[in-house]
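Reader: Before I take any label in this entry at face value, I would like to hear what stands behind each one. Could you take me through them?

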Amino acid sequence: MNSVNYGKGCSVQLHSSNKPAIELVQEKVAEMELQHREDAFFLADLGDIAKKYEKWTELLPRVEPFYAVKCNQDHAVLKLLAQLGTGFDCASKDEIARVLKLGVSPSRIVFANPCKQKSFIRYAAKSDVDLMTFDNEAELYKIKVAFPTARLVLRILPPANFKVQCELGNKFGCHPHEARSLLAKAQELDLNVVGISFHVGSGVAEAEAFSAAVKTAAGVFDTGAKMGFNFDLLDIGGGFPGHADAPITFEEIATVLNESLNKYFPPKRNVRIIAEPGRFFVASAFSLCVNVIAKRTVCIGSPEDDGEEKDVKDKGAFMYYVNDGVYGSFNCLLYDHAEAPVNPMEFRCSVWGPTCDGLDQILKDIKLPELSVGDYLNFPDMGAYTVCAGSTFNGMPRPDCFYHCSETIWNRLYPDRPKGQEASSPITKSLPIMKAGHQLEKVDIDLLPASPIFVLDEDDGFFN
């Protein structure tokens, strides 16, 4: 495979477009073993992000994506999205600085945090990032002092009777009935309100949440027009799914959303429409591989056993300890409301992170084959709200990230790229595949090839 330098220590391995993702994982595991390494690591498919951008522009052509940096602030992700031409949704001084360092114009940034630190507002003013949200009167007074020429977007509370993964209306957004008083205060302070925003919630499960919110926003647009405002921006926030097992597809949302936008904000209104997708771009692009660093056998008894010893294979269970956990990349289990998988294999197991905290449990009660210390587990769909919130508690290191991309996609992105060095492909090894991230319920058993350490096939009974 060719390798290209992507800056900040990022090296991107280029491969043929028809290479299965699991084969890339196997090659990296084999490479780690040849180097006598057992570290956890991410594999990031930059081509997957590029394909998501193409899907967005195809299905939501009127909506400009402003990537939510908080979802995954990896340098290669931000650089690629900047190259593709997205805008950026930033929530802090640090996020703004990261994006500006990539050469992105301040006009491609929305400071989408309704409750900002005053020094952050001053930094935005100094950096010419003038588009920002608000949802309360106190914020208007801060902006009046720190950045009186800012272009403001009023964030409203959308209808809340829809199922979402992470509720945001409990913290941000003014009720539509309160919009008039806030707009009046902005007029009093001589501030420039240019539009309305909303966020239906992260990981929405019902497309109608968007149509209902668009309708509500249209009502606030009408309120503003009667007060003398000439709004020309609608920010429809985030909530778009980013992996195949989401409860609703992006295509379903796009269909409903386009109908609603065309009804309430037809092109003749000349309203610019932006969105703040995060997990849509990165969830499926990252997979996480963790190493089994320790193992315990636990005998499961029942009241009628009367202390009688049972065969482990009959009654036993295993506790596996791996080198990443809820204080690291699996923080999504706590902060992003991820769910645990059910795997149709033989032994009852639990999987634990590496720290000394009993809270550090990744999977509570699942079925797996018997694993050995040194084996790797692969968790797909781990790109959203994982690397961004992980810590080094107990001195446990964050996983390294290795990048790859289809050479066909890379050549479309960078047609004049310099040739990289050839890299040989190492031997491969099989991994048990486990779902993780945001919808952890299924395992693609048919993708499990034979392993030189343990063999999973139908004769073993793991698939029954």
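Author: What follows sets each label against its definition.

Author: The model is a predicted one, in which local features need pLDDT of at least 70 and side-chain atom pairs count only at pLDDT 80 or more, while totals for chains, interfaces and linings use all residues. Residues are numbered from 1 along each chain as its sequence is written, and side-chain values use heavy atoms, with hydrogens and water left out.

Reader: How do you know that K70 carries a feature, and where is K70 found?

Author: The UniProt record, an unreviewed entry, places "modified residue: N6-(pyridoxal phosphate)lysine" at K70; UniProt positions are given in the numbering used here, feature names are shortened, and annotations may be inferred rather than shown by experiment. K70 is found in the loop between β4 (63-68) and α3 (75-84), where helices (H or I, at least four residues) and strands (E, at least two) are DSSP runs numbered from the N terminus.

Reader: Why does K70 count as buried, partly exposed or exposed?

Author: Buried means under 20% relative accessible area, exposed over 50%, and partly exposed in between, with a 1.4 Å probe and protein chains only. The relative accessibility of K70 is 38%, so K70 counts as partly exposed.

Reader: Which residues is K70 in contact with, leaving aside its neighbours within four places in sequence?

Author: With contact meaning heavy atoms within 4.5 Å, K70 is in contact with D89, E95, Y385 and C388 once those neighbours are left aside.

Reader: Why are α5 and α6 called parallel or oblique to each other?

Author: Axes are lines fitted to C-alpha atoms, for helices over the stretch in contact, and angles run from 0 to 180 degrees between N-to-C directions. Angles under 35 degrees count as roughly parallel, over 145 as roughly antiparallel, 65 to 115 as roughly perpendicular, and the rest as oblique. Helix α5 (residues 118-126) and helix α6 (residues 137-146) pack at about 45°, with axes 9 Å apart, and α5 and α6 are therefore oblique to each other.

Reader: What makes α2 and α9 parallel or oblique?

Author: The axes of helix α2 (residues 46-59) and helix α9 (residues 250-264) cross at roughly 30° and come within 10 Å, and α2 and α9 are therefore roughly parallel to each other. In this pair, K55, W56 and L59 of α2 meet F250, E251, A254 and N258 of α9.
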